[in-house]
Amino acid sequence: MKKHALLLLLLPFTSQLFAQTPELIKKDGLMLEYRCNAADFSPVVKQKLIDAFFKVYPLEIKRFNPASATYVIFDVDTAYKGVAATGNAHVRYNPEWFKKHPEDIDVVTHEVMHIVQNYGGKHVPGWLTEGIADYARYTFGINNEAAGWKLTDYKAGQNYNNAYRITARFLVWTEKHKQQPTLVNQLDKAMRSGEYTPEMWKQITGKTVDELWAEYILDPTI
Ligand SMILES: [Zn+2]
């Protein structure tokens with residue numbers, strides 16, 4: 001029992017041995033705190049992640065939410081096993097993902113859109129939250145082609161609430177085919193203020209989301 005207690009005491013110190021001192025990068029009224037505990041993380045990828053932040057985050061803020069957080073944390077964390085995740089302006093990245101996918105820099109573009117969205121505890125559909133984040137990646141991404149990332153082509157069996165790239169493509173289609181270039185702005189704003197309802201689709205486009213999807217599958221060109 002004593003041994004276990006000692007190990008628990010030592011654990012925080014041993015993990016700190018590998019942690020680099022956080023860096024604070026300031027530019028254009030924004031502050032990025034960069035943390036990394038992966039000793040072998042590529043300095044090239046690191047710089048690309050930072051550059052992507054300062055390039056795309058201001059564009060997303062400008063289009064969607066000027067009141068977005070100005071202090072953001074990037075945390076390259078070996079303890080995190082997904083691709084990336086965001087909460088409270090704190091983005092965690094899995095270093096292993098970027099070892100295997102060094103061009104996938106627009107993970108940043110998707111994740112920082114979640115900071116702009118800032119839906120908090122609002123009751124919003126998760127599929128639309130993720131669809132809008134991938135819509136932002138499609139719209140503002142800087143390295144999607146090199147990463148082999150694109151919107152998912154339409155295939156039978158999909159639905160608008162499949163989230164991510166499937167929903168993002170449907171958003172792009174609806175904006176174009178219904179001549180509503182601010183559709184995503186309106187949905188995003190309502191989701192942030194807690195005023196989103198499924199009826200919004202009809203109020204904006206004249207069609208329910210199900211009617212729009214029925215049209216989409218007949219002619220899914222974008
Ligand atoms: Zn996401």
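This is a guided tour of a predicted model, given as a series of selections to make in the viewer.

**The whole chain**

Start with the full protein shown as a cartoon. Its secondary structure consists of ten helices and five strands. Along the principal axes, the C-alpha trace spans about 65 × 40 × 35 Å. Of the 222 residues in the protein, 44% are buried. Taking contacts between residues at least 6 apart in sequence, 60% join residues at least 24 apart.

**The zinc ion**

Next, select the zinc ion and show the side chains around it. Which protein residues are its donors? They are His 110 through NE2, His 114 through NE2 and Glu 130 through OE, at 2.0 to 2.1 Å from the ion. The spacing of these donor residues in sequence is H-x3-H-x15-E.

Now select residues 107-117, which form helix H4. Both histidines, His 110 and His 114, lie in this helix, four residues apart, about one turn of it. An α-helix has 3.6 residues a turn, so residues three or four places apart point the same way. Are His 110 and His 114 buried or exposed? Both are buried.

**The loop before H4**

Step back to the loop between helix H3 (95-100) and H4, and pick Asp 104 there. Asp 104 has a relative accessibility of 9%, so it counts as buried; the cut-off for buried is under 20%. Leaving out residues up to four places away in sequence, Asp 104 touches Trp 97, Phe 98, Arg 137 and Ala 147.

Pro 102 is in the loop between H3 and H4 too. With a relative accessible area of 37%, Pro 102 is partly exposed. Add Lys 48 to the selection: Pro 102 and Lys 48 are 54 residues apart in sequence, and their C-alpha atoms are 9.5 Å apart in space.

**Helix H7 and its two partners**

Select residues 164-177, helix H7, together with residues 209-218, helix H10. The two pack at an angle of about 90°, with their axes 11 Å apart. H7 and H10 are therefore roughly perpendicular to each other. On the H7 side, the contact is made by Ile 166, Arg 169, Phe 170, Trp 173 and Thr 174. On the H10 side, Val 209, Leu 212, Trp 213, Glu 215 and Tyr 216 take part. By class, this contact of H7 with H10 has seven nonpolar, one polar and two charged residues.

Keep H7 and add helix H8, residues 183-193. Here the packing angle is about 125° and the axes are 9 Å apart, so H7 and H8 are oblique to each other. Leu 171, Thr 174 and Glu 175 in H7 meet Leu 183, Val 184 and Leu 187 in H8. The contact of H7 with H8 has four nonpolar, one polar and one charged residues.

**Helix H8**

Stay on H8 and colour it by accessibility. H8 is mostly covered, with eight of its eleven residues buried. Leu 183, Val 184, Asn 185, Leu 187, Asp 188, Ala 190, Met 191 and Arg 192 are the buried residues. What lies over them includes helix H2 (43-64), H4, helix H5 (126-140), H7 and H9. Just after H8, select Gly 194, which takes a positive phi of about 80°.

**Helix H10**

Return to H10. Its buried residues are Val 209, Leu 212, Trp 213 and Tyr 216. They cover an arc of only 100° around the axis, which puts them on the same side of H10. Their cover includes H7 and helix H9 (200-205). Which exposed residues are carried by the face of H10 turned away from its buried side? Asp 210 and Leu 218 are the exposed residues there.

**Two loops between strands**

Finish with two backbone details. Most residues other than glycine have a negative phi.

- Select Asp 28, in the loop between strand E1 (23-27) and strand E2 (30-36). Asp 28 is not a glycine, yet has a positive phi of about 50°. At 65% relative accessibility, Asp 28 counts as exposed.
- Select Asn 88, in the loop between strand E4 (84-87) and strand E5 (90-93). The phi of Asn 88 is near 50°, a positive value in a residue other than glycine. Asn 88 counts as exposed, at 82% relative accessibility.

Note on methods
Residues numbered from 1 in each chain as written. Predicted model: local features only at pLDDT ≥ 70, side-chain atom pairs only at ≥ 80, totals over all residues. Heavy atoms only, no water. Donors = N, O, S within 2.8 Å, 3.2 Å for Na, K, Ca; no water. Buried < 20%, exposed > 50% of the residue type's maximum accessible area, 1.4 Å probe, protein only. Axes fitted to C-alpha atoms, helices over the stretch in contact; angles between N-to-C directions. Parallel < 35°, antiparallel > 145°, perpendicular 65-115°, else oblique. Contact = heavy atoms within 4.5 Å. Nonpolar A, V, L, I, M, F, W, Y, C, P; charged D, E, K, R; others polar. Arc of directions from axis to C-beta.
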